[in-house]
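Subject: The structure we talked about

Dear colleague,

Here is the structure I promised to pass on to you. Please open it beside this message, and then read the notes below with it in view.

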Amino acid sequence: MSSTPHRPAGGRHHVVIIGAGFGGLFAAKRFKDENVSVTIVDRTNHHLFQPLLYQVATGILSEGEIAPAIRQILADQDNVRVVKGEVRNVDLKAQTVTADLGGKDAVLEFDSLIMAAGAGQSYFGNEQFAEFAPGMKSVDDALEIRARLTGAFERAEITEDPAERERLLTFVVVGAGPTGVELAGQLAEMSHRTLRDEFREIDTENTRILLVDGGSQVLAPFGKRLGRKAARRLEDLGVEIVLNSLVTDVNKQGVRFKNMKTGEETFVPSYAKIWSAGVAASPLGKHVAEQAGVEVDRAGRVPVNDDLTLGEYRNVFIIGDMMSKDRLPGVAQVAMQGGQYAAKTIIDEATNGTSPEARAPFSYFDKGSMAIVSRFSAVVKMNKAEVSGFVGWVMWLILHLLYMVGFRNRAVAAFSWGLNSVSRRRWQLVATRQQLHARNALRKLREMEDKEGIRSIEVRDNLRFGEGRDTRAISD
Ligand SMILES: Cc1cc2nc3c(=O)[nH]c(=O)nc-3n(C[C@H](O)[C@H](O)[C@H](O)COP(=O)(O)OP(=O)(O)OC[C@H]3O[C@@H](n4cnc5c(N)ncnc54)[C@H](O)[C@@H]3O)c2cc1C
């Protein structure tokens, strides 16, 4: 591919999809056997089942089980081409998408565009916290968190300084939404159950786990009753819940937070800190919103029309975590249903000649939300119905197996969960130095690259070996 705009041969309607998460993948699948050409671009090579990331972080599942290769999933769809690249630019008027393929640009011309680039972690303007408290948005994040969690126990085992041991055995999870609750619950089970007899110098049952949130309850979207139940279960597991408290500093030594009611500040020394407090939509949202004269909301989400399109661009759909519409939550179902709706709309118009004016508006069918608190305990909210405890856990299990991609992944997950229910052990606790250090090392490398005006590792290597090419000018 080159920087000359590219479109597939055959002259069919060309749909470009940015992102192969829940929204993008469900859109791509809906195009199966349809008379359109589809190019799906993602910066990773896998479709990530984000709701199970915490199980990778806490050693229940391996990363491969929740992140099958996009190519493999779409292998039997002849009209779909997968491109691994990071989209850096969208030109709405020229109808092009430019993706960085690692030093080379690919420019793709589209007739219709589906933007499903999701959201990243937000530190509410305190990006410096990220160095010490990773968020949980990617496979890399989950593996880094796993390495930090297991690393804390390993270091605690060998230190002879009691204060340092206490710091190492204190874990702080910031944000008491579903991810924070799930992580805190699993961390408690891991320390009190899985690792119980594996260390000689430390008692992992003395681990301290804090779940800190600025709000007045855990699991706010689930309502007061389920929030209370989840909190009680977490407390039974030994998790300390700290509410109405805003984190004011995160550094190497620990976390500082301020109680918003009393004004009291507390510093908790902690080695392993995890951030699950906020999300910010992909910056691509703001990038296209500006071109369309639309203003994004505080989380960077793009307000869309009733048919999920952007402003006057009726061929540009924005779906999932990137879009803002009727206060719909950032959950997988919203993205999946949005992807299917956008694909169906495009198919109707590209193959049947239906006009945009005839479009039925997108309507969301709420199938409910659920969060697992611990083994055998989950909370489920479906419209007015609320379920918790063991029945909730069974519902959680069935639904997640249903939505996982690929038979093998479902089978392995079911097997792992079954085993995890009857045994204390976890089998995915590998932690490497790369997992622990790569994120911050890559960040530093990117800073160096920006300073030097080059942008990929490949090209850095070329430069080192004397080719002296500038990537910004490279084309095939
Ligand atoms: C830890 C965690 C737990 C969650 N638990 C639940 C849950 O229990 N239930 C639930 O319903 N929802 C849950 N969610 C939310 C749910 O995962 C999201 O709402 C959903 O993934 C949104 O789908 P999406 O397609 O909009 O974005 P994503 O699924 O995030 O997909 C975005 C894709 O775009 C790609 N991408 C991003 N930028 C670019 C770029 N510039 N160029 C190319 N590709 C790009 C990414 O690599 C990614 O593959 C959870 C999320 C997280 C992080």
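Before the first finding, a word on the annotations: UniProt positions are given here in the numbering of this chain, feature names are shortened, and an annotation may be inferred rather than shown by experiment. With that in mind, the UniProt record, an unreviewed entry, places the feature "transmembrane region" at residues 390-407. Please also keep in mind that the whole model is predicted. In this model, residues 390-407 are 83% helix and 0% strand, and the C-alpha atoms at the two ends of the stretch are 25 Å apart.

The same kind of record, again an unreviewed entry, gives the annotation "domain: FAD/NAD(P)-binding" to residues 14-339. That span is 30% helix and 28% strand, and its end C-alpha atoms lie 16 Å apart.

A separate division of the protein gives domain 1 (13-43 + 85-121 + 280-358) and domain 2 (127-276 + 368-396). Taken over C-alpha atoms, the centres of domain 1 and domain 2 are separated by 34 Å. Where they touch, four residues of domain 1 are in contact with five residues of domain 2, and the side belonging to domain 1 has two nonpolar, two polar and no charged residues.

Which domains supply the shell around the ligand? Domain 1 and domain 2 each give at least three residues to that shell. There are 34 residues around the ligand, of which G19, G21, G23, G118 and G320 come nearest. Sorted by class, the shell has 17 nonpolar, 12 polar and five charged residues. Among the elements that each supply at least two residues of the shell are the helices α1 (22-30), α7 (178-194) and α10 (332-352), together with the strands β2 (36-42) and β4 (86-91).

Turning to the interior, the largest nonpolar core has 73 residues, and those with the most contacts inside it are A184, L211 and V379. Helix α5 (residues 139-158) provides the largest share of this core, with eight residues. Apart from this core lies another one, of 58 residues, including V87, A99, V302 and F317. To follow V379 a little further, and leaving aside its neighbours within four places in sequence, you will find V379 in contact with L219, F222, L226, K229, A230, M370, A371, V373, S388 and G392.

With best wishes

How values were computed
Residues are numbered from 1 along each chain as its sequence is written. This is a predicted model: local features need pLDDT of at least 70, side-chain atom pairs count only at pLDDT 80 or more; totals for chains, interfaces and linings use all residues. A residue is near a molecule or strand if its C-beta atom, placed from the backbone, lies within 6 Å of it. Helices (H or I, at least four residues) and strands (E, at least two) are DSSP runs, numbered from the N terminus. Ala, Val, Leu, Ile, Met, Phe, Trp, Tyr, Cys and Pro count as nonpolar, Asp, Glu, Lys and Arg as charged, and the others, Gly among them, as polar. Domain bounds come from an automatic or database domain assignment. A nonpolar core is a set of buried Ala, Val, Leu, Ile, Met, Phe, Trp, Tyr and Cys residues joined through C-beta atoms within 7 Å. A residue is buried if 20 or more other C-beta atoms lie within 10 Å of its own, exposed if 12 or fewer, and partly exposed in between; C-beta atoms are placed from the backbone. Two residues are in contact if their C-beta atoms, placed from the backbone, lie within 7 Å.
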